[in-house]
Amino acid sequence: MDILVTHSTPGAAAGKNATDTIPIVMIAVGDPVGLGLIASLARPAGNATGLSFSIVGLEMIGKQLELLKETVPRIRRVAILSNAANPTKPLAIRDVNVAARSLGVQLQLLEARGPNEFDSAFATMAKERVGALLVVADSMFVFHRIRLADLAARSRLPAVYGWREHVEAGGLMSYAPNALDLFRRAAIYVDKILKGAKPAELPVEQPTKFELIINLKTAKALGLRIPQPLLQRADQVIE
């Protein structure tokens, strides 16, 4: 093949493990420098380039927790659901811990490597009486977004997610880059490489625009009144 396009951190890592010669265009990969996928954002120096969340993507988690606290000011305990198989999970947990301390909330850290572990995770949330949920951005979670939205609704948990697709599936809110825009940007990399550019010389981009999406139908079902300032800041409100 001429080019390999990968999505998510596990996808990028799998691509690099498979080849160090075929050009790779990465989409939504976390910390590619720390994981050894590239030498630096400015000069990747290998066969991979693309779009990364290495800095802004991790800071995004703190903002998600802040938005959740603004939506439900009285929450004191928040569940954090992450995929233990994702290589960037430790970095995500580190950043959300920093944000939690500044907001005065306690975290209940939970993991799910696949949908067969969702029920036990939500059972633990009920047992620990958490007041809200943050689902760390992960392609596996997006694939099972309807199931996660249903479980959050049954558990009466306000939840914030790492991709807008969760909100379109019935989740409460998301704060994230536009995934479609990331794929469009990746197409530009593909075009440049097919025209002769070398991945090693194409700087890795990071998202500059983030969208706040709120599902008012879900808020009403949960008995939540979304603060008006938050609604005014939203890029899209689903009614």
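I take a residue as buried when its relative accessible area is under 20%, and since Ala28 stands at 10% relative accessibility, I enter Ala28 as buried. The model I am reading is a predicted one, and I keep that in mind for every entry below.

**Ala28 and strand E2**

I looked up Ala28 for its backbone as well: its phi is positive, about 55°, although the residue is not a glycine. Ala28 belongs to strand E2. For the strand as a whole I noted that E2 is mostly covered, with six of its six residues buried. I then asked in which sense E1 and E2 pair. The pairing of E1 and E2 is parallel and runs over four bridges, and when I traced Val5 across to E2, I found Val25 as its bridge partner.

**Helix H1 and what lies over it**

Which residues of helix H1 are buried? In this helix, spanning residues 9–18, I list Thr9, Ala12 and Gly15. Looking down the axis of H1, I find that these buried residues fall within an arc of 125°, so they line one face of the helix. On the face of H1 turned away from that buried side I find the exposed residues Asn17 and Ala18. I also checked what covers the buried residues of H1, and the cover includes strand E1 (4–7) and strand E2 (24–29).

**The largest cavity**

I searched for enclosed space next and recorded two cavities of 30 Å³ or more. The largest cavity has a volume of about 280 Å³. Its lining is made up of 22 residues, and those lying nearest the centre of the cavity are Thr9, Phe53, Asn86, Thr88 and Ala137. The elements that give two or more residues to this lining are E2, helix H2 (56–71) and helix H3 (89–103), with H2 giving the most, four residues. Thr9, which I had already entered as one of the buried residues of H1, thus turns up again among the residues nearest the centre of this cavity. When I sorted the lining of the largest cavity by class, I obtained 10 nonpolar residues, 10 polar residues and two charged ones.

**The second largest cavity**

For the second largest cavity I noted a volume of about 60 Å³. Its lining residues include Ala149, Ala152, Ala153, Leu157, Tyr161, Gly170 and Leu222. Helix H6 (145–154), strand E7 (159–161) and helix H9 (216–222) are the elements that give two or more residues to this lining, and the largest share, three residues, comes from H6. How many charged residues does this lining have? I counted no charged residues in the lining of the second largest cavity, against nine nonpolar and three polar ones.

**Around helix H6**

Staying with H6, I looked up Asp150, which has its place in that helix. At 37% relative accessibility, Asp150 counts as partly exposed. I then took the distance from Asp150 to Gly170: these residues are 20 residues apart along the chain, and their C-alpha atoms are separated by 7.5 Å. Gly170 is also one of the residues that line the second largest cavity. In the loop between H6 and E7 I stopped at Arg156, where I noted a positive phi of about 60° in a residue that is not a glycine.

**Ser174 in strand E8**

Is Ser174 buried or exposed? I place Ser174 in strand E8, which covers residues 173–176, and at 1% relative accessibility Ser174 counts as buried. Leaving aside residues up to four places away in sequence, I find that Ser174 touches Val160, Tyr161, Trp163, Arg164, Val167, Glu211, Leu212 and Ile213. Among these contacts, Tyr161 is a residue I had met in the lining of the second largest cavity.

**The largest pocket**

Last, I turned to open space, where the largest pocket has a volume of about 170 Å³. Residues lining this pocket include Leu51, Pro177, Asn178, Asp181, Arg185, Glu205, Lys209 and Glu211. Helix H8 (residues 179–194) gives the most to the lining of the largest pocket, with three residues. By class I entered four nonpolar, three polar and five charged residues for this lining. Glu211, one of the residues lining this pocket, is also among the contacts of Ser174.

Key: Residues are numbered from 1 along each chain as its sequence is written. This is a predicted model: local features need pLDDT of at least 70, side-chain atom pairs count only at pLDDT 80 or more; totals for chains, interfaces and linings use all residues. Side-chain values use heavy atoms; hydrogens and water are left out. Buried means under 20% relative accessible area, exposed over 50%, partly exposed in between (1.4 Å probe, protein chains only). The arc is that of the directions from the helix axis to the C-beta atoms. Contact means heavy atoms within 4.5 Å. On a 1 Å grid over the protein atoms alone, a cavity is a set of points where a 1.4 Å probe fits but cannot get out, and a pocket is an open set with protein on both sides within 12 Å along at least five of seven lines; lining residues have an atom within 4 Å of a point. Grid points are joined across faces, edges and corners, and a volume is the space filled by probe spheres set on the points. Ala, Val, Leu, Ile, Met, Phe, Trp, Tyr, Cys and Pro count as nonpolar, Asp, Glu, Lys and Arg as charged, and the others, Gly among them, as polar. Two strands pair if DSSP finds at least two bridges between them.
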